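Q: Could you take me through one part of this protein closely, strand by strand? I would like to see how the pieces are put together and how that part sits in the whole chain.

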Amino acid sequence: MSTFNTRCPSCEGLNRIPNERISESPKCGKCQTPLLDGAAIEGTSSNLSALLQSDQPVVIDFWAPWCNPCVGFAPVFSDSAEQHNGQIRHVKINTEAQQELAAQYQIRSIPSIMVFKDGKRVDMINGALPKNQFDQWLNQAITK
């Protein structure tokens with residue numbers, strides 16, 4: 001049984017999740033907060049492939065802490081994660097910490113946002129958008 005680790009968005013506790021149980025809405029062992037819905041998940045090379053195989057569409061924000069547009073876009077992405085709780089899985093990948101993922105997905109500028117369905121990329125945008133425009137783009141992207 002393969003597993004991956006993820007941090008709780010509420011208490012920052014580290015949790016191990018079996019890949020086979022992603023669709024069961026796992027909760028934090030410490031505080032019982034849902035781990036994969038309602039907040040953006042930290043994407044890593046150890047958990048991304050399992051997350052992309054989700055039954056739900058997955059939207060990924062490739063960002064870096066030194067990038068001002070990325071930092072400005074973070075609240076929009078966070079609001080979207082809350083708004084689409086249980087419908088769309090939101091993942092944030094720090095391109096500085098996960099350089100191999102940035103190379104694998106050919107990230108040339110940040111923020112870059114990608115939408116995946118059934119493990120395949122269906123849409124992508126580069127650059128931060130205001131909330132209304134991001135919501136419109138995301139709603140169109142998940143219907144593809």
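A: Happy to: here is a walk through the open sheet, with a look at the whole chain before and after it.

Please keep in mind that this is a predicted model. The protein chain contains four helices and seven strands, and along the sequence they come in the pattern β-β-β-α-β-α-β-α-β-β-α. Its radius of gyration is 14 Å, close to the 15 Å from the globule rule for 144 residues, so the chain is as compact as a globular protein of that length.

Now to the sheet. Five strands form it, in the order 3-5-4-6-7, and their pairing is mixed. At the edges stand strand 3 (41-42) and strand 7 (120-126); each has a single partner strand, so one side of each is left without a neighbour in the sheet.

Strand 4 makes a good starting point. This strand, residues 58-63, runs parallel to strand 5, residues 89-94, and six bridges join the two. In this pairing, Asp61 stands opposite Lys92 of strand 5. Strand 4 also pairs with strand 6, this time in the antiparallel sense, over five bridges. Here Val59 is found opposite Val115 of strand 6.

Let us move on to strand 6, which covers residues 112-117. Five of its six residues are buried, so to speak of it as mostly covered is fair by the cut-off of under 20% relative accessible area. Besides strand 4, strand 6 pairs with strand 7, again antiparallel, and this pairing has six bridges. Met114 faces a residue of its own kind there, standing opposite Met124 in strand 7. Strands 6 and 7 form a hairpin with two residues between them, and in this hairpin Asp118 takes a positive phi near 55 degrees.

As a general point for reading side chains along such strands, they alternate between the two faces of the sheet when the strand is regular.

Stepping back to the whole chain, the C-alpha trace spans about 35 × 30 × 30 Å along its principal axes. Of the 144 residues, 44% are buried. Among contacts with a separation of 6 or more, 57% are between residues 24 or more positions apart. The accessible surface comes to about 7600 Å², with 45% of it belonging to carbon and sulfur atoms. As for charge, the chain has 13 positive and 14 negative charges, and their mean positions are 2 Å apart.

Methods
Residues are numbered from 1 along each chain as its sequence is written. This is a predicted model: local features need pLDDT of at least 70, side-chain atom pairs count only at pLDDT 80 or more; totals for chains, interfaces and linings use all residues. Side-chain values use heavy atoms; hydrogens and water are left out. The radius of gyration is taken over C-alpha atoms; the globule rule is 2.2 Å times the number of residues to the power 0.38. Buried means under 20% relative accessible area, exposed over 50%, partly exposed in between (1.4 Å probe, protein chains only). Contact means heavy atoms within 4.5 Å. Accessible areas come from the Shrake-Rupley method with a 1.4 Å probe; for residues, only the protein chains shown count as cover. Lys and Arg count as positive and Asp and Glu as negative; His and the chain ends are not counted. The place of a charge is taken as NZ of Lys, CZ of Arg, CG of Asp or CD of Glu. Two strands pair if DSSP finds at least two bridges between them.
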